[in-house]
Amino acid sequence: METNLSDSKIGLSLLPEQSKNYALRKGGKFTIMVAGAVGSGKSTFLNTLLGADLLPTTDSEGSGTRNINVNTFNLVEDKFQLLITTIDTPGFGQRFNNQFAWVPISNFIDEQLRLYLFRCEQPERSKVFDTRVHCCIYFIVPTSTGLTPLDILAMKDLSKRVNLIPVVSKGDTLTKEELADFKEIVWSTLQLHDIKVCDLILDQQVTAKINAQMPYSIIASNTYHKNERNELVRGRKYNWGIAEVENNNHCDFLKLREVLMSENMLDLINSTEAQFELYRSRCLKERFDKYFGSEGKSEILEKVNELKSMLRDKDPIMEHAEKKMKEKYAEVISNQEKTFREWKKALVEKQEALNQDIEKDHVLLLKLTAFIDAQTSGESTPEFTVDSISDSEKAPLSRGEIGVEG
């Protein structure tokens, strides 16, 4: 039943204002990750997004993605505080062998869900630090060949774990025609390999709107120059002019910033919350089945295997190592079986030789017995020797078949 309270107000109309004031007091938390090839401008983009040179823009280690850099900053705009956490992945794809180069990034994203679940289960939760990744910006370096196999495999894996947003870095290195062609190649490749963009967002209209602008091309710089209109703008200066960061005719930085910071930040945060709830429910169910289920022995073993799979979380490195171990085990077994067959063959040959010797000894015994019997009965018999046995006499002989020297 609906009641009209226009004549007797009780304060419901003030709830939006209360929500606004509460949000202003509490502030917000947002975590953004950047990934992509070395030198694609990830750190520079974060500095441009935050409007200050807060992060170093060089990777001095050059050792691949081992130490993921996490930094937290407190941004204030119109009295609203945003605790923003930036996650940089220096050295990605820099090694000679880049197999599974994206796995440390995927593992880091998964680990934040586990850590947050563990922190929320503690008795004191007033100061829980949230490092769950709300979105990942993947930087694509423009080339004449399109996306690299590493780009495809990395984005396909990351898109299953986080809201993925692919961007074409250093858009000022291409002409408008070249940039349009490269964007088309990137978008067709994403569709071909079923790589989802912001697939965790619950509102399909929001997802469709973001996908309609994919992929974004960006220019990153915190250097100010005067353009032809004598305006001080951020951008990169060339002989032909200035490539402006905040100019939609030059790049899509403003559109991307609107998605991240203005229009869709709450969509990204809420989608991560929904993903965490699914993860939490799955973990609790598996715990309950493990400790309170009344399964038989085979079902318990099955649960243990499932638990192992959960802890391993289908780590490609573990799967690859397990595959290699199985192949090595199969090779060792094959070699052992071959050795056993050779041993068996040698034993059979030895047994056959021994059987032949036994048959010869048996023939000799029979002839010797016949010779002794003849001597005992007084019969005249030639002298008996072992040499009187021919090699052709293999089968036992009767007394009348005794061979003697003539």
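**Two cavities in a predicted model**

Helix H3 (103-120) and helix H8 (265-292) each give at least two residues to the lining of the second largest cavity. I start there, and I should say at once that this is a predicted model.

H3 provides the largest share of that lining, three residues. The full list for the second largest cavity is Ile109, Gln112, Leu113, Arg132, Val133, Arg161, Thr272 and Gln275. By character, the residues of this lining are three nonpolar, three polar and two charged. The volume of the second largest cavity is about 40 Å³.

Some background on the approach. Rolling a probe the size of a water molecule over the atoms shows where empty space is left. How many cavities of 30 Å³ or more does the count give here? The count comes to two.

Now the largest cavity. The space in it is about 40 Å³. Strand S1 (28-36) and strand S3 (80-88) are the elements that contribute two or more residues to its lining. Which element has the largest share of the lining of the largest cavity? That is S1, with three residues.

Going through the residues, the largest cavity is lined by Lys29, Phe30, Thr31, Leu83, Thr85, Phe129, Asp130 and His134. This lining divides into three nonpolar residues, three polar and two charged.

To recap, S1 gives three residues to the lining of the largest cavity, and H3 gives three to the lining of the second largest.

Notes: Residues are numbered from 1 along each chain as its sequence is written. This is a predicted model: local features need pLDDT of at least 70, side-chain atom pairs count only at pLDDT 80 or more; totals for chains, interfaces and linings use all residues. Side-chain values use heavy atoms; hydrogens and water are left out. On a 1 Å grid over the protein atoms alone, a cavity is a set of points where a 1.4 Å probe fits but cannot get out, and a pocket is an open set with protein on both sides within 12 Å along at least five of seven lines; lining residues have an atom within 4 Å of a point. Grid points are joined across faces, edges and corners, and a volume is the space filled by probe spheres set on the points. Helices (H or I, at least four residues) and strands (E, at least two) are DSSP runs, numbered from the N terminus. Ala, Val, Leu, Ile, Met, Phe, Trp, Tyr, Cys and Pro count as nonpolar, Asp, Glu, Lys and Arg as charged, and the others, Gly among them, as polar.
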